[in-house]
Amino acid sequence: MAAKAKINNKIKSSVSRKIFVVGNAFLLALITFLCISPLLHLFAVSLSSNHYALAGMVSFWPRGFTTSAYAFLSGQSAFFDAFFISIQRVVIGSSISMTLVILIAYPLSKEVEVFRARTAYAWFFAVTMFFGGGLIPTFFVISRVGIINSIWALVLPGAVNVWNAVMLLNFFRGVPKELEEAARIDGASHVTTMIRIYLPLSLPAIATILLFTVVGHWNAWFDGLIYMTNPANYPLQTYLATLVMEADTTARNLMSVEDILRLQDVSDLTVRIAQIFLGALPIMAVYPFLQRFFIKGIVIGSVKG
């Protein structure tokens, strides 16, 4: 042991090791900066005056510091209405999706002897991963069901993510069978076993899937553009997309006369960037709390035993 410790200390004190540590730290710092630099730039522009922002003279530090863009947003009802719709979508959509994914993954994780129809259901869900009806048939279905212009058009079509169900299924298979057998001997039903044994032991996988689901709902914008015929029902990302793509027309249509008059005192660019930054802020606040489960959950099923 003493010889091994001596070798390890020698490796740590070697010149090549020190060069590697310094180079690795520099590379990680560079990657981190490249990841956060767009957000720093957006935040700096949103706090800069019209002159510097429109001239493209802002990099990572505000110039002509002003909070007029955020003051303007505080009185803009359309932005906060869209923000609230996105919050509703995330809460309702994630709850429905996670419930369905768990109810699919648990029975499919059983052997054929326990769940005889397992193979048929597995093929039923697997086919949906490779084949879809397409945009137009999906729109007709949603229209005929009568959920156009409602929150259900945003959460029901993608409520079942089969890939997430497969991930959770593989994690459930890794739960020791002895725990389930002991619960069954004590008289626990499948529902009790799933809630009290499988779910607590699968928190890393569930947190990872929840992260994917929340981010997916929060960032989705195209379905809102298709299924919402009234701009007042746009979720936040659809609202922001219309501002970016048609800033001079759609944005004005979504504003009241008072908002347009107030916009004369601030830059349209800084207002749009402030909205984009605020739209990304909630997901950035939630991610660190779920990120610690991400590494463990993403490799589910890769190591057994």
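Aromatic pairs offer a way into this predicted model, and the structure holds 13 of them. Take the rings of Phe79 and Phe83, whose centres lie 6.4 Å apart and whose planes meet at 35°, so that this pair is described as tilted; the reason is that a stacked pair needs planes under 30 degrees apart and an edge-to-face pair needs them over 60.

Where do Phe79 and Phe83 lie along the chain? Both belong to helix 5, which covers residues 77-108, and they are four residues apart, or about one turn of that helix. Their surroundings can be described by accessibility: Phe79 has a relative accessible area of 2% and is therefore buried, while Phe83, at 24% relative accessibility, counts as partly exposed.

A further aromatic pair is formed by Phe115 and Tyr121, and this one is stacked, with 5.7 Å from centre to centre and 25° between the planes. Phe115 is partly exposed at 22% relative accessibility, and Tyr121 is also partly exposed, with a relative accessible area of 42%.

Returning to Phe79 and Phe83, the reader can follow ring pairs that link these two residues with Phe80, Trp218 and Tyr239 into a cluster.

The last stop concerns the backbone rather than the rings. Asn149 has a positive phi of about 70°, although this residue is not a glycine. In the chain, Asn149 is found in the loop that runs between helix 7 (135-145) and helix 8 (152-155), and with a relative accessibility of 27% Asn149 counts as partly exposed.

Technical notes:
Residues are numbered from 1 along each chain as its sequence is written. This is a predicted model: local features need pLDDT of at least 70, side-chain atom pairs count only at pLDDT 80 or more; totals for chains, interfaces and linings use all residues. Side-chain values use heavy atoms; hydrogens and water are left out. Rings of Phe, Tyr and Trp (its six-membered ring) pair if their centres lie within 6.5 Å; planes under 30 degrees apart count as stacked, over 60 as edge-to-face and the rest as tilted. Helices (H or I, at least four residues) and strands (E, at least two) are DSSP runs, numbered from the N terminus. Buried means under 20% relative accessible area, exposed over 50%, partly exposed in between (1.4 Å probe, protein chains only).
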